Amino acid sequence: MRKEIEGMTAAGPSHRRVEVGMAVFTAVFALIVIIGSMRVGRDWAEDGPRAGFIPFYVGLFILGASLVNLVQAWRDRADERRFATWDQLGRVSSVVLPTAVYVALVPWIGIYTASALLIGAFMKWHGRYNWSRVLLIAIGVPLVTFVVFERWFLVPLPKGPIEYFLGF
Amino acid sequence: MEEIANLFHGFAVVIEPFNLMLMLVGILLGVIIGVLPGLGGANGVAILLPLTFSMSPTSAIIMLSCIYWGALFGGAITSILFNIPGEPWSVATTFDGHPMAQKGRAGEALTAAFTSSFVGALFAVIMITLVAPLVAAFALRFGPAEKFGVYFLAFCSFIGMSKEPAFKTVAAMMIGFALAAVGLDQMTGQLRLTFGSEYLLTGFDFLIAVIGLFGIGEILLTMEEGLSFKGRTAVISPRVVLETWAELPRYWITSLRSCIIGCWMGVTPAGATPASFMSYGLAKRMSKTGHKFGTGEIEGVVAPETAAHAAGTSALLPMLSLGVPGSPTAAVLLGGLLIWGLQPGPMLFVEQKEFVWGLIASMYLGNVAGLLVVLTCVPLFAAILRIPFSIIAPIILVFCAIGAYTVHNSTFDVMLMLVFGVLGYLMKKCNYPMAPMVLAIVLGDKAEEAFRQSLLTSQGSLSIFWSNGLVGTIMALGLIVLLWPLIQSGWSRVFRPAAA
Amino acid sequence: MTHLDLRSCSRVAALGLAAAFMASMPSAAQAAWEPTRPVEFIVPAGTGGGADQMARTIQGIISKHNLMKQPMVVINKAGGAGGEGFLDVKNSKGNPQKIIITLSNLFTTPLATGIPFNWKDLTPVAMLALDEFILWVNAEKPYKTAKDFIEAAKQANGSFKIAGTGSKQEDQIITEAIQKATGAKFIYIPQGGGGAVAVQLVGNHVDATVNNPIEAVSHWRGGKLRPLCVFDSKPVEYHEKITPDGQTWADVPACKAQGLNVEYLMLRGVFMPGGASNDQVQYYVDLFKKVRETPEWKDFMRSGAFNTTFMSGDQFKDWIAKEEKRHEELMKAAGFLEKK
């Protein structure tokens with residue numbers, strides 16, 4: 001099966017596999033919900049449902065629907081679509097990975113510094129702009145944001161060592 | 001007639017130069033607040049509230065309510081351009097608004113959205129002017145069972161019409177309900193589905209899910225197809241406003257229906273969110289081009305925007321006359337009234353005439369001023385799409401992160417946003433519908449709360465949902481709307497052969 | 001939370017430096033402490049509620065009268081019945097630029113949900129006021145006194161409904177206390193907020209509420225609701241005319257005098273994160289003393305019929321400890337403690 005797909009013009013994971021993966025994911029989620037709601041009481045007390053009643057049945061619904069989706073995806077062997085080409089997935093992960101790094105950095109170096117790095121990296125990597133323009137936008141946008149949020153609207157956002165060093 | 005005289009007195013108050021200036025400042029600030037994720041209307045009004053202490057209450061409320069209008073207008077901008085709804089009631093605007101922008105029709109979508117908002121708000125203000133006491137009495141009839149009926153109707157008018165496979169729709173919607181249930185159970189005061197985690201204490205906020213699913217998911221889809229926005233070729237000229245206006249009167253039935261739905265939802269404190277979803281759902285069912293909804297139909301922008309703003313505006317009525325805020329922003333305004341020493345409630349209309357009618361007059365003028373301001377900016381907003389993707393994409397990511405952070409001031413939510421983003425990408429690719437999931441996240445816990453309050457009232461008997469004419473009618477309406485496709489096909493099966 | 005550690009590290013270092021500096025210059029140590037960054041005022045409740053209104057009033061008063069050099073920022077952290085806000089302040093140990101306003105959920109939330117938090121994790125600053133509770137009924141109903149109402153509730157055999165804010169919080173505790181004191185049975189219906197509770201009563205969807213004065217006063221003035229009695233040892237001391245026919249808050253009798261032996265007042269107090277120095281606490285105590293002197297604050301107290309008791313220092317700590325014990329007993333008796 002895999003070979004046939006690779007034989008096509010551009011390779012990539014099969015759509016069917018991803019469908020199966022999604023159905024398994026929703027089923028696992030359903031099980032977590034069901035276990036969680038059984039802990040707080042899933043039955044009907046005298047004066048109406050208890051805390052876990054509705055989530056419990058919601059969980060059962062998700063589980064049921066996931067199983068149907070799973071079986072449908074599994075049996076649909078005629079589906080030979082690709083989910084996406086590796087090339088496309090590469091482009092998608094070129095956004096996801098830097099953003100993941102960004103999100104992980106925010107608690108440590110604050111949102112302003114992290115944003116400058118993200119914007120700069122993105123512009124240099126994808127846009128291939130020259131440094132002067134990259135620096136202008138990468139530093140300018142967080143700076144304007146800082147003024148608008150911290151000074152103007154008094155909304156505190158996460159700050160890191162640089163901001164503390166500067167006394168904010 | 002006394003109302004009309006009072007209203008003109010109100011206009012005289014608003015038209016003072018100082019108040020007019022406050023109005024403009026308010027609108028501009030409001031638009032900025034509405035555009036920046038993380039600064040919703042409630043947030044903005046709350047932040048600026050203390051600044052107004054040194055003004056007279058009338059001037060203060062004029063400025064604050066103009067911030068409110070500005071934020072309502074501004075919310076539509078990011079929904080249409082970037083698929084990022086900043087407020088729950090802008091979600092339905094993305095369904096057709098964003099596809100329009102992708103087709104290069106951003107200017108038309110924005111014009112339609114702004115104009116519809118204006119029409120909705122105007123309709124609501126006229127209603128407030130003429131029938132305020134009647135409406136307040138109607139709002140009082142809504143107990144828990146009636147409230148549940150309204151949520152039920154909202155769900156019914158929205159589901160059963162998605163093109164996606166039925167079981168995927170069920171899975172997506174139920175996942176939304178499950179996510180809405182996480183956190184503190186309002187009815188028993190117990191924590192549920194948190195598994196002892198401090199982070200899950202607050203539950204899954206709608207805004208984080210939506211920024212991830214819609215906003216980040218959209219960027220990922222765009223990346224997959226190449227490095228550019230589809231809407232770059234948009235024709236940007238001020239003439240687009242007039243051309244769109246020429247087209248809008250065609251949808252007068254949708255507008256009228258949406259106005260009525262909006263006013264109803266705003267007065268019964270169900271709010272603007274169910275109003276926008278319900279109105280979109282009904283428009284899709286009743287429109288001749290309903291099957292094309294979701295691909296960039298202008299009617300699909302008109303319906304939710306009109307209803308949301310009619311609701312947002314009429315929500316101020318229960319606030320003034322009953323002291324019950326119909327929206328978070330109204331809640332903050334309510335706090336403002338108390339701080340200025342004004343007691344909201346039935347007596348406000350009698351004792352504080354100048355204030356009340358000044359406010360109502362500012363609703364008229366504020367809306368007109370707001371519409372003029374945002375319409376002149378339409379070409380400017382649409383031009384944002386011309387900024388190269390490699391510059392605008394990281395900036396959008398940054399603003400999404402700020403938006404997610406400000407919900408609970410938690411960096412955990414920023415991570416959650418990215419997870420929802422990847423999930424949104426996978427769901428879209430695998431044909432899982434996101435709209436029912438978001439609807440369930442937004443309204444799920446409220447619907448559950450109303451359901452359980454009703455059952456507490458009736459001590460566990462389900463008969464409470466048809467115990468009086470009002471709740472019975474709402475529930476029956478819900479069922480009719482839910483089963484409408486079946487009814488329709490049954491009708492044609494019985495009558496068509498005879499006609500042929 | 002890691003960034004907080006980082007922050008407090010740098011702050012500890014800074015404090016250390018400052019301490020060394022001050023030690024070398026004894027006269028400088030006399031200078032009182034002052035905030036050096038914007039002060040975050042945490043509200044462990046939603047926007048528009050009683051605590052939020054009070055916090056925003058204080059913010060407005062401070063900025064209008066220039067009582068503080070740094071700005072004050074109000075932040076709502078309502079998740080998990082306020083648990084979100086309490087945990088945030090607990091985790092900000094040693095940060096003097098953060099204060100929190102509390103209501104009864106200071107005691108009830110940890111007890112009912114098992115969130116790992118206790119008021120001893122915080123530094124008490126001052127009690128600003130106490131919020132009263134009043135037994136309200138719809139004005140169309142025949143009951144004129146608390147006694148009439150309780151009799152009717154007993155007749156109705158447990159079908160009377162009382163609406164209140166939240167679950168296992170102050171309103172439900174009072175409802176439980178009424179049941180215990182009188183033997184009448186009620187159905188308690190939790191609602192989202194005090195305003196909605198009052199409207200449920202105006203719309204006759206429930207039989208009574210125990211709303212705070214400020215939440216229901218407009219309906220009283222509008223002739224829709226009737227106050228029966230206040231859950232305090234004596235009537236409140238506000239003699240300004242409220243209703244068109246000239247009734248005042250002082251005309252509402254104490255419940256005790258009506259044979260309903262229930263007393264409950266809710267704390268509106270301010271706390272700092274743990275580990276605050278005396279100088280820092282004193283700064284905020286002085287700040288709130290100045291706030292209390294302003295005409296705006298006095299108006300606010302009057303409009304909400306607040307009990308204006310002010311406490312700080314050990315007196316306040318003793319009061320909290322006593323209240324905590326009382327809440328634990330009340331909640332235990334009602335079966336509201338978290339089941340483990």
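Student: How many residues of chain B are in contact with how many residues of chain C?

Tutor: Start by counting the residues on each side. Keep in mind that this is a predicted model. Here, 43 residues of chain B are in contact with 45 of chain C.

Student: I've seen interfaces described by an area instead. What is that about?

Tutor: The size of an interface is often given as the accessible area lost when the parts come together. For this pair, let's stick with residue counts.

Student: Okay, which elements of chain B each supply at least two residues of the side that touches chain C?

Tutor: There are helices and strands in that list. The helices are H3 (41–48), H15 (328–339) and H21 (435–457) of chain B, and the strands are E1 (183–185) and E2 (190–192). H15(B) gives the most, with 7 residues.

Student: And what is that side of chain B like by class?

Tutor: Sort its residues into three groups: you get 23 nonpolar, 18 polar and 2 charged.

Student: Let's zoom in on one residue. Where does B:Gly294 lie?

Tutor: Look in the loop between helix H12 (272–286) and helix H13 (299–314) of chain B.

Student: Why is B:Gly294 called partly exposed?

Tutor: Count the neighbours. B:Gly294 has 18 other C-beta atoms within 10 Å. A residue with 20 or more would be buried and one with 12 or fewer exposed, so B:Gly294 falls in between.

Student: Which residues does B:Gly294 touch, leaving out those up to four places away in sequence?

Tutor: B:Phe95, B:Asp96 and B:Pro99. You can also check a distance: B:Trp89 is 205 residues from B:Gly294 in sequence, and their C-alpha atoms are 17 Å apart in space.

Student: Now domains. How is chain C divided?

Tutor: Watch for a domain written in two pieces. In chain C, domain 1 is 37–131 + 266–334, while domain 2 is 134–258. Their centres, taken over C-alpha atoms, are separated by 26 Å.

Student: How many residues are in contact between these two domains of chain C?

Tutor: On the domain 1 side 20 residues, and on the domain 2 side 17. Helices H4 (105–113), H10 (295–303) and H11 (313–334) of chain C each give two or more residues to the domain 1 side. H11(C) has the largest share there, 4 residues. By class, that domain 1 side has 8 nonpolar, 10 polar and 2 charged residues.

Student: What does the domain assignment give for chain A?

Tutor: Domain 1 (2–75) and domain 2 (86–165). The C-alpha centres of these two domains of chain A lie 35 Å apart.

Methods
Residues are numbered from 1 along each chain as its sequence is written. Chains are lettered from A and ligands numbered from 1 in the order in which they are written. This is a predicted model: local features need pLDDT of at least 70, side-chain atom pairs count only at pLDDT 80 or more; totals for chains, interfaces and linings use all residues. Two residues are in contact if their C-beta atoms, placed from the backbone, lie within 7 Å. Ala, Val, Leu, Ile, Met, Phe, Trp, Tyr, Cys and Pro count as nonpolar, Asp, Glu, Lys and Arg as charged, and the others, Gly among them, as polar. Domain bounds come from an automatic or database domain assignment.
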